[in-house]
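Here is a short set of exercises to work through with the model open beside you. Try each task before you read its solution.

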Amino acid sequence: MSTGSVGRAFRRYVAASSHSPLGWSSASAPLASTSRLQLSSGTGFFAQCTCSGGRRNYSSQPDERSKGPIVRKKRTILDLHALKKKHIPITVLTAHDYPSARFIEASSSPPSSPSASAAPPSTTTKPPPRGIDICLVGDSLAMVACGYTSTNSITLDEMLYHCRSVARGCTTSFLLADMPFGTYTSSVSQAVSNATRIIQEGNMDAVKIEGGAEIYDVVSKVTSVGIPVMAHIGLTPQRQAALSGFRVQGKSAEAAFEVYQNALLMQEAGAFAILIEAVPFKLAKFISERLTIPTIGIGAGSGCDGQVLVQLDMMGARSLERAPRFLQTFAEMEEIAVGAVRSYVDEVRAGTYPEDDKHGYPMEENEWEAFKKTVVDMEEENASAAPGLPRVIV
């Protein structure tokens, strides 16, 4: 029986009663669904609820108190803009596969320590939001995860593979992916087609495009078809050969003005945010204060609205020959990983791993004896077989 049928039957039952236990003035009052029904505290043939906490809702929605750990809401562009307005720094970190995406997702979980959960909430200020706001599948993975010598070597199909892996592991951060070198420079239609693939096949929320005035039409068109774009100005690694390496940009007055103009143009073209890389911190702060959209800095100082780092770099994986000035390592993953490999080798060679009782799978003794008897019987049968006949192998 549908909930609507139950509701109509219930109305007829109440109408037939001389006294409405719910105190309704009319039995024809609309009742959309029994899942919305609330019983009053009045007397009648409905027993009054004795549950603690006041009136009980008879609803298909689960009680908030019965829920498990609170899952963080999916980050949106509106959330990012709100963080800028509230002057709460935006956190961005790269991921290149399922495990690195899971690290980001796990960081958004509430603290598990009893002392942290038992601490009373502040009455003056709310705690900052948890976890990483934007998970970036950056083309830097070409160098740090794939071993290429530059970001220009990775193809769109390779990026899509990494995007899908990250999307499966990270579900609440805003998902952003770089458009690889050569996927948006030939024409506007090429850019729209490839950006669509990243959203549709890579399961991303937005794309990041490097450049300034020269990609104005690209950013404008891609955003006009409903694909959010983060622009990338300052040092653009895809052009490192033309820039004679990974060099700081905007150090002269003329160069600084060009970076500033590019920022204004990208905002005008419809970008929802701008990544500023390797420019003087005064310039980055100046730009951030004059834009209405968020800025994300990498090597651009603390004046940006948010910060981004490459996950493998900040974890201490020595994937680069020379670490950039702006990099800070928050762990020593390479030392831990190399140490773990060496320990594994040592224990296997020494015969201390695996331990049968700890790591093995047991077998019932009667089954083991039956197995051995079967083998003995087979060997005896084979031994008595005439020479030249095939042996029975079990």
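**Exercise 1. A nonpolar patch**

Which residues form a nonpolar patch on the surface, and what is their accessible area together?

*Solution.* Keep in mind that this is a predicted model. Start with the members: V341, Y344, V345, V348 and Y353 form the patch. Together they have about 440 Å² of accessible area. Next, take one of them and place it: V348 is in helix 12. Finally, check its exposure. A residue is partly exposed when its relative accessible area lies between the 20% and 50% limits, and V348, at 39%, is therefore partly exposed.

**Exercise 2. A charged patch and a cis bond**

Find the residues that gather in a patch of negative charge on the surface, and say which elements give two or more residues to it.

*Solution.* The patch brings together D346, E347, E355, D356 and D357. Two elements give two or more residues to this negative patch: helix 12 (333-350) and helix 13 (356-359). Take D346 as an example: its place is in helix 12. With a relative accessibility of 53%, D346 counts as exposed, because the limit for that class is over 50%.

Now look at the loop between helix 12 and helix 13, where P354 lies. The peptide bond leading from Y353 to P354 is cis, and its omega is near 0°. Y353 is also one of the residues of the nonpolar patch from Exercise 1.

**Exercise 3. Two enclosed strands**

Are the residues of strand 4 and strand 5 buried or exposed, and how do these strands pair?

*Solution.* Begin with strand 4 (residues 206-210). Five of its five residues are buried, so strand 4 is largely enclosed by the rest of the structure. To see how the cover is arranged, recall that side chains in a regular strand alternate between the two faces of the sheet. In strand 4, A206, K208 and E210 are buried on one side, and V207 and I209 are buried on the other.

Repeat the step for strand 5 (residues 229-234). Six of its six residues are buried, so strand 5 too is largely enclosed by the rest of the structure. One side holds V229, A231 and I233, the other M230, H232 and G234, and all are buried.

Then trace the pairing. Strand 3 (residues 174-178) and strand 4 run parallel and are joined by three bridges; L176 has A206 of strand 4 as its bridge partner. Strand 4 and strand 5 also run parallel, joined by four bridges. Here I209 is matched with A231 in strand 5.

**Exercise 4. Positive phi in two loops**

What is the phi of H87 and of A278, and where do these residues lie?

*Solution.* Take H87 to begin with. Its phi is near 60°, a positive value in a residue other than glycine. H87 lies in the loop between helix 2 (77-85) and strand 1 (90-94), and at 71% relative accessibility H87 counts as exposed.

Turn to A278, which has a positive phi of about 50° although it is not a glycine. A278 sits in the loop between strand 6 (273-277) and helix 10 (281-290). Its relative accessibility is 9%, so A278 counts as buried.

**Exercise 5. A distance in space**

How many residues apart are Y161 and I198 in sequence, and what is their C-alpha to C-alpha distance?

*Solution.* Locate Y161 in helix 6 (residues 156-169). At 52% relative accessibility, Y161 counts as exposed. Now compare the two separations: Y161 and I198 are 37 residues apart in sequence, and their C-alpha atoms are 10.0 Å apart in space.

Definitions and conventions: Residues numbered from 1 in each chain as written. Predicted model: local features only at pLDDT ≥ 70, side-chain atom pairs only at ≥ 80, totals over all residues. Heavy atoms only, no water. Patch = residues over 30% accessible without salt bridge, like charges linked within 9 Å, V, L, I, M, F, W, Y side chains within 5 Å. Areas by Shrake-Rupley, 256 points an atom, 1.4 Å probe, with all protein chains shown as cover. Salt bridge = Lys/Arg side-chain N within 4 Å of Asp/Glu carboxyl O. Lys, Arg positive; Asp, Glu negative; His and termini not counted. Charge placed at Lys NZ, Arg CZ, Asp CG, Glu CD. Buried < 20%, exposed > 50% of the residue type's maximum accessible area, 1.4 Å probe, protein only. Pairing = 2+ DSSP bridges.
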